[in-house]
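Reader: I would like a close look at a single part of this protein, followed outward into its surroundings. Please take the packing of one side chain as the starting point and build the account from there.

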Amino acid sequence: MEENNIINQTIAHVKSCLAEAEAGHDWFHIERVWKNSREIARQETAGLEKTPDLLIIELGALLHDIADSKFHGGDESIGPAKAREFLSSLQVEEEVIRHVEQIITHISFKGGKEMAAFESVELNIVQDADRLDAIGAIGIARAFHYGGFRNRKIYDPAIPPNLNMTKEEYKKSNAPTINHFYEKLFLLMNRMNTSAGKEMAAERHHFMEQFIEQFYKEWEAR
Ligand code: ADP
Ligand code: NI
């Protein structure tokens, strides 16, 4: 099957998988990550010895959240398995399928404490694109949306951010959404993999800083 056709069929499949999805992880999130991925790939290609595989990048971006473990009882194997089943039905090459599975498995790798078990330029690009969608104006909207979805407080001065939570504690935490900025969103800029991603992240990071500053100002009626 032609690559264009594979992409179009994947778009249709992902849209139907995510028809009922929560708004922070719906088709529009996927579409933004897909577009960010293509933009980063376009900018990055110049400096690399080996051109990143655009089909793998696009499929990884499109399929990365079809079965988020957060919404499947913590099971992290469902996403990659669903992607494999779908791509096999389109007779996509085994090598491509395996790489896309790896991207889905490792995209939300937190960095820092754990060792990366898989590395590729294609994963780096899709991971950056996904992280970009968690910061800036869209990131702010998604964070408060997610907080509301989980019925969390917006802010509580008596509950300070906790930067030492384990992955498990973090998932269970019911902390106010403002804490999420310190616990995760402000850390993302320094974790970007690609130079194109870093540049895009800097602008979004700066916007979040301004937002937080204004938030406290209004909170204190200054
Ligand atoms: P993705 O699925 O895109 O890799 P996540 O699943 O970690 O990213 O988060 C999805 C969105 O929900 C992000 O915008 C993220 O900031 C937001 N989010 C995740 N956890 C929290 C939280 N504890 N409080 C507020 N927003 C959160
Ligand atoms: Ni995502």
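Author: In this predicted model, Phe181 touches Ile140, Ala143, Phe144, Phe186, Met208, Phe211 and Ile212, when residues up to four places away in sequence are left out of the count. Phe181 also belongs to the largest nonpolar core, which has 54 residues, and together with Val14, Leu59, Leu62, Leu63, Leu87 and Leu185 it is among those that touch the most other members. This core is not confined to one part of the chain, for it draws at least three residues from each of domain 1 (1–115) and domain 2 (134–222). As a general background to such packing, nonpolar side chains in soluble globular proteins tend to be buried together.

One of the neighbours just named, Ile140, leads on to Phe207, which touches Gly136, Ala137 and Ile140, again not counting residues up to four places away in sequence. Phe207 is found in helix H10 (residues 195–219), and with a relative accessible area of 41% it is partly exposed. Phe207 and Ala137 are 70 residues apart in sequence, yet their C-alpha atoms are 7.2 Å apart in space. Beyond helix H10, in the segment that follows it, is Ala221, which has a positive phi of about 55° although it is not a glycine; at 69% relative accessibility, Ala221 counts as exposed.

Because the core draws on both domains, the contact between them deserves a description of its own. The C-alpha centres of domain 1 and domain 2 lie 24 Å apart, and 17 residues of domain 1 are in contact with 16 residues of domain 2. Between them the two domains bury about 1,500 Å², with 54% of that area on carbon and sulfur atoms.

On the side of domain 1, helix H3 (54–63) carries Glu58, which counts as buried at 10% relative accessibility. Glu58 touches Ile7, Trp34 and Arg38, with residues up to four places away in sequence not counted. Helix H3 is also, with H4 and H6, included in what covers the buried residues of H5. Those buried residues are Val96, Ile97, His99, Val100, Glu101, Ile103, Ile104 and His106, so that the list holds charged and polar names beside nonpolar ones. Helix H5 (residues 94–106) has 13 residues and reaches 18 Å from its first C-alpha to its last, close to the 18 Å expected at 1.5 Å a residue. In the loop between H4 and H5 lies Gln91, which has a positive phi of about 60° although it is not a glycine, and which is exposed, with a relative accessible area of 68%.

The account can close with the metal site. The protein donors of the nickel ion (ligand 2) are His29 (NE2), His64 (NE2), Asp65 (OD) and Asp130 (OD), lying 2.1 to 2.3 Å from it, and along the chain these donors follow the spacing H-x34-H-D-x64-D. Asp65 lies in the loop between helix H3 and helix H4 (78–89), while Asp130 lies in helix H6 (residues 121–132), so the pair ties together parts that are 65 residues apart in sequence. Both of these aspartates, Asp65 and Asp130, are buried.

Technical notes: Residues numbered from 1 in each chain as written. Chains lettered and ligands numbered in written order. Predicted model: local features only at pLDDT ≥ 70, side-chain atom pairs only at ≥ 80, totals over all residues. Heavy atoms only, no water. Donors = N, O, S within 2.8 Å, 3.2 Å for Na, K, Ca; no water. Helix = DSSP H or I, 4+ residues; strand = E, 2+ residues; numbered from the N terminus. Buried < 20%, exposed > 50% of the residue type's maximum accessible area, 1.4 Å probe, protein only. Core = buried A, V, L, I, M, F, W, Y, C linked by side-chain atoms within 4.5 Å. Domains from an automatic or database assignment. Contact = heavy atoms within 4.5 Å. Expected span 1.5 Å × (residues − 1). Buried area = accessible area lost by both parts, 1.4 Å probe.
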